[in-house]
Amino acid sequence: MPELKPGWRRVKFGEVVRQVKNRADPETSGLERFVAGEHMDSDNLKIRHWGNIRDGYLGPAFHMRFRPGQVLYGSRRTYLRKVALADFEGICANTTFVLESADPELLLPELLPFVLQTEGFHAHSKRESKGSVNPYVNFSDLAWYEFELPPQVEQHRLARALASAEGAIQMLTNAAESTLVAAQAFSGEMFRGNSRADMVPHPRLERVAAGWDVRTIGELVESSQYGLSTAPEPTGDFPILRMMNLVDGLAVENDIRFVNLTDDLFQNYRLDHGDVLFNRTNSIDLVGRTGVYTLAGDHVFASYLIRLRVNRDVISPEYLTEYLNGPLGRQQVLSFATKGVSQANVNASNLAKVLIPLPPRDVQDRIVADLGKIKSAGRGLRGRVEVAERLKAILMRELDQSEAG
């Protein structure tokens, strides 16, 4: 066991933390919100979702009252790492532990949620969980977990620093999510041409700007092609792009795999700059994801992708990609999807039927450029989130002095 830092001491979780068991009847408590396990996000202290008690019967398990400042801990499937700091009053199920500092002179209440986020605590909770299908842990299993507790002055310092890092993560995450909402709203309007005053109705697109053409994808592409069914390998002659290589409207080299091909096969499936890749098979949330190929080097593409080569005199690959990834394009794509047990499929024949509102090329380029600015802002914010998360991780390692084993 490592030597303690000066002023630090080894304590048991149950000595400094208590489980609060204040019961409340959802029907008569006067409370409005409840928090279930699905409302808590993994590795996120902020409660971003909740339910309304008045919307329906909750069931007998929902009778535990929590108050602002108390910590909620999901005792089922603890490998999901669900710890939340309450900032409102509500009701949760008895499978969600309501925790607080047993003595603020021993454990600063503001530090408690971060103690529950340490790797040592998670490892202990997971190790002590019982059951296989829906594993759970009892508070008594957590009570004997031992960890090193800093002196009060150090607790205040760590709590302030961690709270600042956590606050930055939440603020930047909210801002990044706002850019996604803004991009969706912008594309939903601009692809109808709402920047123009004159609008005309259309049988399937509701309305488009006067003077805009409407074409099917089949009328806009010079060719469409399914990808290779060759199984990818960790090494090989040619990198092959798969479903997971379409990110934010682009083809990327994440988790790249390879295939060995004859020269003829390679030439048949080699990607050219500006090819549009369409994910034809995936979950209903991801089917239809589209990206433009702009990578350097020689790449081929896998069978779950359809390669579209467009008539660039009429439509830009970037415009088509943004439209298909936006709400109006996805609505059409999903209308053609055939749903299986776990996956949805859109074949090339149905994809060719999707209607595209078609402004002049200069308008297409302007729409793509404006969307690009919004997306660039979002990427910048997500980068700052990663920086704040790394800072928090450094601080958490300072707090987590216990042995995970």
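Before you click anything, one rule of thumb: two helices whose axes make an angle over 145 degrees count as roughly antiparallel. Keep that in mind, and keep in mind too that this is a predicted model.

**Stop 1: two helices side by side**

Select residues 152-190, which form helix α5, and residues 361-399, which form helix α11. Two packed helices are described by the angle between their axes and the distance between the axes. Here the axes come within 9 Å and cross at roughly 165°. That is over the cut-off of 145 degrees, so α5 and α11 are roughly antiparallel to each other. Turn the view a bit: α5 passes α11 in a left-handed crossing. Now colour the contact between α5 and α11 by residue class, and you'll have 25 nonpolar, 4 polar and 9 charged residues.

**Stop 2: a sheet of strands**

Next, show the open sheet of 4 strands, which runs in the order β4-β3-β8-β5 with mixed pairing. Which strands stand at the edges? They are β4 (51-52) and β5 (62-66); each has a single partner strand, so one side of each is left without a neighbour in the sheet.

Then pick out β3 (residues 33-35) and β8 (residues 90-93), which pair in the parallel sense over 2 bridges. Click on valine 35, and opposite this residue you'll find cysteine 92 in β8.

**Stop 3: helix α3 and its histidine**

Go to residues 119-128, helix α3, and highlight histidine 124. Is histidine 124 buried or exposed? Its relative accessibility is 2%, and the cut-off for buried is under 20%, so histidine 124 counts as buried. Leaving out residues up to four places away in sequence, histidine 124 touches Asp141, Leu142, Trp144 and Tyr145.

Histidine 124 has company: the buried residues of α3 are Gly120, Phe121, His122, His124 and Ser125. What do they pack against? Show α1 (13-16), β6, β7, α2 (112-115) and α4 (139-143), and you have the answer.

For a sense of scale, draw a line from the C-alpha atom of histidine 124 to that of alanine 302: the two are separated by 42 Å, and 178 residues apart along the chain.

**Stop 4: a threonine in a loop**

Finish in the loop between β6 (71-74) and β7 (83-85), where you can select threonine 78. Threonine 78 has 4% relative accessibility, so this residue counts as buried too. Setting aside residues up to four places away in sequence, its contacts are Tyr73, Ser125, Lys126, Ser129 and Val137. You've already met one of them, Ser125, among the buried residues of α3.

Notes: Residues numbered from 1 in each chain as written. Predicted model: local features only at pLDDT ≥ 70, side-chain atom pairs only at ≥ 80, totals over all residues. Heavy atoms only, no water. Pairing = 2+ DSSP bridges. Axes fitted to C-alpha atoms, helices over the stretch in contact; angles between N-to-C directions. Parallel < 35°, antiparallel > 145°, perpendicular 65-115°, else oblique. Left-handed = near helix turned anticlockwise from the far one by under 90°. Nonpolar A, V, L, I, M, F, W, Y, C, P; charged D, E, K, R; others polar. Buried < 20%, exposed > 50% of the residue type's maximum accessible area, 1.4 Å probe, protein only. Contact = heavy atoms within 4.5 Å.
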